[in-house]
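Me: I'd like a close look at one part of this protein, the aromatic pair. Could you walk me through that spot and then set it in the context of the rest of the chain?

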Amino acid sequence: MSSRRPGSAEPRLQHAELDRERTWSDDLTYATHESQTLRIERDHSAPARETAWTVAAYETPVSDRTWHLTATGATPLPMLQDLLIDLADGAAWDTAIGQFIDEASVIAATQPATDAGWTHTFAGRWIHWTAPNGEAGIQFDAFAAQRLNGTLPTWVLWGGHTIDQPTWEIAASTRTPSNLLANLTETLTQTCGTHPAPSRSSSYTQRRTTSLLASPAFGRPYGRAL
């Protein structure tokens, strides 16, 4: 598991495995893993509650997408920092292809919340883990989990008032690796109550979040939709 510094004032990705390229638009930054099987898109113009980060993973550089994850613009920087460190390391997102999620995967992904004593509840097809202060939580959709290529997210990590009125959220598809989800859950339990990323000028936000993708080597990403 990657070392975590949730209080770091200027998080920066110090790994060479992710290659970054600014596009012709100042609003978008792309990063491609050296394996060519993982791609990140950063939309600097996205509002706080809209998708600003999109991660897509593939079995091979030319195969269909196997799993994906999105994060809204107000997602706290500690969550983004640890997400990108895990993606650069690679070990947290290397997963078997073509398998449905099972009970062991759900337990592994949410173990940090269970260890932290978060409230565990069931509501129809949804399972919830909620922080003691009610300001953060995790939602698992058992219905979405049975559809490998469905449009509904299987996992939602959120912060704010309620799951229906989040200040920010990270949404992940069925085959998102449990190791990656467990690391995000651990960060969420450690930073529960932390305020979302501050609303600053466009130039400040671009500098701050682009630094998360900084790496010494850059390559051209695939020109296809995530």
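Reply: Happy to; here is the aromatic pair first, followed by its wider setting. Please keep in mind that this is a predicted model.

The structure holds one aromatic pair. Its partners are F140 and W155, whose ring centres are 4.8 Å apart and whose planes meet at 50°, so the pair is tilted. An angle over 60 degrees would have made it edge-to-face, and one under 30 degrees stacked. F140 belongs to strand β8 (residues 136-141) and W155 to strand β9 (residues 155-162), so the pair ties together parts that are 15 residues apart in sequence. Are these two residues buried or exposed? F140 is buried, at a relative accessible area of 6%, and W155 also counts as buried, at 1% relative accessibility.

Now for the setting. The protein's secondary structure comes to five helices and ten strands. Of its 226 residues, 48% count as buried. Among contacts with a separation of 6 or more, 59% come from residues 24 or more positions apart.

Another buried side chain worth a visit is R175, in the loop between β10 (165-172) and α4 (178-191). R175 is buried yet has no salt bridge. The nearest side chain of opposite charge is E59, at 6.8 Å, and a salt bridge would have to fall within 4 Å. What R175 does have is a reach from its side chain to the backbone oxygen of T66, at 3.2 Å.

A backbone detail is found at Q36, in the loop between β2 (28-33) and β3 (38-43). Most residues other than glycine have a negative phi. Q36 is not a glycine, although its phi is positive, at about 65°. With a relative accessible area of 25%, Q36 is partly exposed.

Finally, a word on confidence. The protein averages a pLDDT of 78, and 69% of the residues score at least 70. Over residues 197-209 the pLDDT is below 50, and this stretch has 18 contacts in the model beyond near neighbours in sequence. Residues 215-224 also stay under 50, and for them the model has 29 contacts beyond four places in sequence. Where pLDDT is low, the predicted coordinates should not be read in detail.

Definitions and conventions
Residues numbered from 1 in each chain as written. Predicted model: local features only at pLDDT ≥ 70, side-chain atom pairs only at ≥ 80, totals over all residues. Heavy atoms only, no water. Helix = DSSP H or I, 4+ residues; strand = E, 2+ residues; numbered from the N terminus. Buried < 20%, exposed > 50% of the residue type's maximum accessible area, 1.4 Å probe, protein only. Lys, Arg positive; Asp, Glu negative; His and termini not counted. Polar contact = N/O pair within 3.5 Å; in protein donor to acceptor, adjacent residues only side chain to side chain. pLDDT = per-residue confidence, 0-100. Contact = heavy atoms within 4.5 Å. Phe/Tyr/Trp six-rings, centres within 6.5 Å; stacked < 30°, edge-to-face > 60°.
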